[in-house]
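Here are my notes for you, point by point. Keep the picture open while you read.

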Amino acid sequence: MMEKLSRMKFKLKQLLKAVSVVIVLVALPQSAMAFLSWQEDDNSLEARGLLRGSGLALKNPDNQVYYNRRSVSGLAASGRLMVDAGFSKHISFEMHAVQNYIPLSLQHGGSNLALLQGVERSDLLDWSFDSRAAHLLVDRLNLQYASNRVNIKAGRQPVNLATTFYFTPNDFFAPFAAQTFFRSYKPGVDALRADVQLSELSQLSLISVLGYRLDSGGDNGWSNRVDAARNSYLARISSLFGDFELALLAGSVKKDRVVGGDLQGELFEWLGVRAEGHVNFPDQAGFKRRVEFALGLEHRWENTLSLRAEQFYHGGGASSSATYAAVLATQGGYLARNYSALGAGYEFTPLLSGDLTLIYNWMDHSGLAAVYLLYSLSDESELAFSGAVARGARPAGVRINSEFGLYPNSVSAEIRSYF
């Protein structure tokens, strides 16, 4: 009993330490909005920045097969420098450099399954230090040409093909998790994209994204050698029809052929509707084609309350929890086939807002609840608190009894300062 109490006190001290550091950061005086901005004729230059400091505590399931630590806590920090330049009416340049420090314990989260592997992109622009706890990387680096009808962007850039919010089957490149609340900066991938305006209401997008070989010894888990088998090529055509935008999507993602589409619009000037999905035809022998589809409904009231509900069919998921381990080893991500998500957002005051996300797995009846509070400290800084609670049968030995039963419970605090 005394040993158990001692361990509990130690964990509490670790959590209080993380929270106290965040409170000290909040108490520090914040500098006024400052940025570099210059413009002359058709030439321009703007530099912005973001500093983030956070504390995180996790409590993992009591299972030594999947976790090597029951509790994990620590502090992390990052800085982002953003530069945008224009050289004429048609040519612009974008660069985001990021320096972060995330202890290895937080990167792994105490999991035996976690890999120190980042977004799939060349490691030429990623340098790690302090045994890979610190990284200096270029998250965006691209050149863009824009005219009235054609927009071409080459280099490291975010590629967002999502229409729905929580479950995004058509967002093939560095998608956000359903429970992610801070989505201001989608990670960049090495890509070439051309958007062509076909008419006033129609557009054609051609996208090529480079893939790379795995390299556990690389700074970001990937090598700098392009792997042709992991390259992706997509075409998307979209047009407006009444109150809806409809799009068709086709191409190859890591040699798997995909055909799909998406839609978004409003019914009765009240109900927002979003949907996206595709059929995947695997290149590898022995794998069957699979369907991925998500449908979402949403509405925002004048009192700032917003509700969003989504349903997701994941054709690549397991047919029973007994085969979860096989899906986890080959695909990762969602393990089952049918999911629902419900989200709510509300502005309590002009300075304080909150969000809630509930995710439910219909096959094993496990779920995840995530909450997020955002408080504006000034025009240039904000404080965020978040927490997640997982419910479901915990794993027993190697057997995964429920998907969200694998997830840890967590609490975190983060301060962000913009300049």
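1. Start with G86, which sits in strand β3 (residues 71–86). Strands here are DSSP runs of E with at least two residues, helices are runs of H or I with at least four, and both are numbered from the N terminus. One thing to keep in mind is that this is a predicted model, where local features need pLDDT of at least 70, side-chain atom pairs count only at pLDDT 80 or more, and totals for chains, interfaces and linings use all residues. Residues are numbered from 1 along each chain as its sequence is written, and side-chain values use heavy atoms, with hydrogens and water left out.

2. Is G86 buried or exposed? With a relative accessible area of 9%, G86 is buried (buried is under 20%, exposed over 50%, partly exposed in between, using a 1.4 Å probe and protein chains only). Not counting neighbours within four places in sequence, G86 touches D42, N43, S44, I91 and S92 (contact means heavy atoms within 4.5 Å). As for D126, its C-alpha is 25 Å from that of G86, and the two are 40 residues apart in sequence.

3. Next, look at the charged pairs. Side chains of opposite charge can pair when their charged atoms come close. The model has 20 salt bridges, counted when a side-chain nitrogen of Lys or Arg is within 4 Å of a carboxyl oxygen of Asp or Glu.

4. Try finding K254 and E120, whose side chains form a salt bridge at 3.7 Å, N to O. K254 is in the loop between β13 (244–253) and β14 (256–267), and E120 is in the loop between α2 (104–108) and β5 (126–129), so this pair ties together parts 134 residues apart in sequence. K254 is partly exposed at 26% relative accessibility, while E120 is buried at 13%.

5. R236 and E245 make another salt bridge, at 3.8 Å, N to O. Here R236 is buried at 13% relative accessibility, and E245 is partly exposed at 22%.

6. Then there's D283 with K255, a salt bridge at 4.0 Å, N to O. D283 lies in the loop between β15 (271–281) and β16 (290–300) and K255 in the loop between β13 and β14, so the pair links parts 28 residues apart in sequence. D283 is partly exposed at 46%, and K255 is partly exposed at 44%. Elsewhere on your list, R52, E382, E414 and R416 are joined into one network by salt bridges that share partners.
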